[in-house]
Amino acid sequence: MSASRISLSETSPLLGQEQSFQSLPTRFPSSAVGMDSGTDAVIPRQSVFLGVDVGTGSARAGIFDESGKLLGSSSSPIQIWKDGNFIEQSSTDIWHAVCAAVKSACSKANISGEEVKGLGFAATCSLVAVDADGSPVTVSWSGDSRRNVIVWMDHRAVEQAERINSFNSTVLQYCGGSLSPEMQPPKLLWVKENLPDTWSMVFRWMDLSDWLSYRATGDDTRSLCTTVCKWTYLGHAHMSQYNEKDSRDMEACGWDDDFWEEIGLADLVDGHHAKIGRSVAFPGHPLGSGLTPIAAKELGLVAGIPVGTSLIDAHAGGVGVMESVQDSDSKEIDKEMILNRMALVCGTSTCHMAVSRDKLFIPGVWGPFWSAMVPEYWLTEGGQSATGALLDHIIQNHVASPHLANRAASQNISVFDILNKLLEDLMVDLKSPFLAALTEDTHVLPDFHGNRSPISDPKSKGVIYGLTLDTSEQELAILYLATVQAIAYGTRHIVEHCNSHGHKINTLLACGGLAKNSLFIQEHADIIGCPIILPRENESVLLGAAILGAVASRKYSTLQEAMKSLNAAGQVIYPCTEPKVKVYHDAKYRIFGELYKKQLSHRSIMAEALS
């Protein structure tokens, strides 16, 4: 397995007790982040909030002011090991990257550590293994103790997921009817069955965002976001405990012990679920006594800064974007508008977030999750496991890719910009009636990493129909466009499926790296038929994480209040009104659906042949 750096979670836990984490070396001089370096102390000028987001390939940090404006941000790459379905990272390396990103962001924003009044973490839903001292425990066949994180997109546990789903436990109805191999119970079962030494050594299994908060505060309280969405925790067990004035950590009463025993993980029930979470809290709840002295030194901040209970990165994107709409004349109307929105958090993968007042059971779509993103709302979570990753794969594996990459670098623009311009030129040269029609002979099924929603088939494969011997840049541009359209057809499938089961989604809000691609957003608007609101600030996940810190600092009494204050709308992208464009996409959407049906037929034929 090769390592690479890519730029593309008996009583209440021991709250406030600092763990014996080893202090990290400082990567930047203290003066670069406004720490005392022997000169006159910096006088705080403002209150700012810090958000940290650990994605698949990097750790990022962003500084926001009290209006939600981004003052400065920075990123630092993190190491990743890939070998087929096995994808691993190091929590030690991730923390180093977080520290580097935080210090650099503070420097770029020209603020001191004393000015940061609240901190929040968001991260991928990767699985972290640590021992009683907080040290990493390997989850790798290699035995390398650095590799103690099973990355969210790791698919080693497909067989375990199938076995768990065969039990038809009642908790599965809150996960769209089945668990994905990307969720934590299948991964935990895989470790128990394949790495018994690791299983016996691990003292805490944590979602990555929960581990980051724990690393920063020493508080082992878990987030309702991570536990409900990825661990089968039943958050609605706490319906009577939500207090808008003072949400608190709660004893974890939402675990279904029968489920864990049934699937062969009864030992996780021991010690009041000590290894997977004995207490939980609503997102934004202040943890422990805030930032520990050790963590504060490593991050270049001040001990005691409030740290909010974490969110998964996509859910932080939802928090950072869901209220990014024009002002409403009526607060009551505005309250209901959130029920008609779906947030698209578009990065390596895409997550589709919608909320409802009532719980909606939607086959093949995760949820309903109570208070997993916005407290007191039920969350529906659709998803596509590979979107940005798929576009990178399509482009980077084409023979024309190196030349395009060189051109993009020489012009200081992205490869997407080059391809978008090539498509505009092709539309003129080929006298195409509209840009989307360039793909009339090229059709893609984007399930290159399985189908998460709404089919929920991790064995689904990608399909490209219409290949020729052409290896030109123009051919790559058309294949890229067909892939963008396929991703949008997948989102249309999710939206239509959710609306047919009780949602009333008519507006999309998009954030993440792909939301910066104008062609990607316009094709989604045209294909789905909904306006798409882009936030004023591009870094919605970082803003969502910073909002957690703002709530923890008591600047706002509720998460919703903070969202309304700090979210802001930017550009709105509307669907094309040309009827012929709709007719074209409706036709391609039918083909999109047939590609999967044909795959099932072919799978059955081959299974029969090999039986």
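Biologist: What makes strand β7 (residues 127–130) one whose faces are both described as covered?

Modeller: Leu127 and Ala129 on one side, and Val128 and Val130 on the other, are all buried; buried means under 20% relative accessible area, exposed over 50%, and partly exposed in between (1.4 Å probe, protein chains only). In a regular strand the side chains alternate between the two faces of the sheet. This is a predicted model, in which local features need pLDDT of at least 70 and side-chain atom pairs count only at pLDDT 80 or more, whereas totals for chains, interfaces and linings use all residues. Residues are numbered from 1 along each chain as its sequence is written, and side-chain values use heavy atoms, with hydrogens and water left out.

Biologist: How do you know that β7 and strand β8 (residues 149–150) pair?

Modeller: Strands (E, at least two residues) and helices (H or I, at least four) are DSSP runs, numbered from the N terminus. Two strands pair if DSSP finds at least two bridges between them. Two bridges join β7 to β8, antiparallel, so the criterion is met. Val128 has Val149 as its bridge partner in β8.

Biologist: What makes β7 and strand β9 (residues 204–207) a pair?

Modeller: Four bridges link them in the antiparallel sense, and Val130 stands opposite Arg204 in β9.

Biologist: Why is Thr491 called buried?

Modeller: Its relative accessibility is 0%, and Thr491 therefore counts as buried. Thr491 belongs to helix α15 (residues 473–499).

Biologist: How do you know that the side chains of Thr491 and His352 make a polar contact?

Modeller: A polar contact is a pair of N or O atoms within 3.5 Å; within protein, one must be able to donate a hydrogen and the other to accept it, and residues adjacent in sequence count only if both atoms are side-chain atoms. The value for this pair is 2.9 Å, so the distance criterion is satisfied. Leaving aside neighbours within four places in sequence, Thr491 is in contact (heavy atoms within 4.5 Å) with Leu344, His352, Gln384, His524 and Ile528.

Biologist: What makes a set of residues a nonpolar core, and which members of the largest one touch the most others?

Modeller: A nonpolar core consists of buried Ala, Val, Leu, Ile, Met, Phe, Trp, Tyr and Cys residues joined through side-chain atoms within 4.5 Å. The largest has 91 residues, of which Leu188, Trp205, Trp260 and Ile547 touch the most other members. Helix α17 (residues 540–552) supplies the largest share of this core, nine residues. Apart from it lies another core, of 59 residues, including Leu426 and Phe592.
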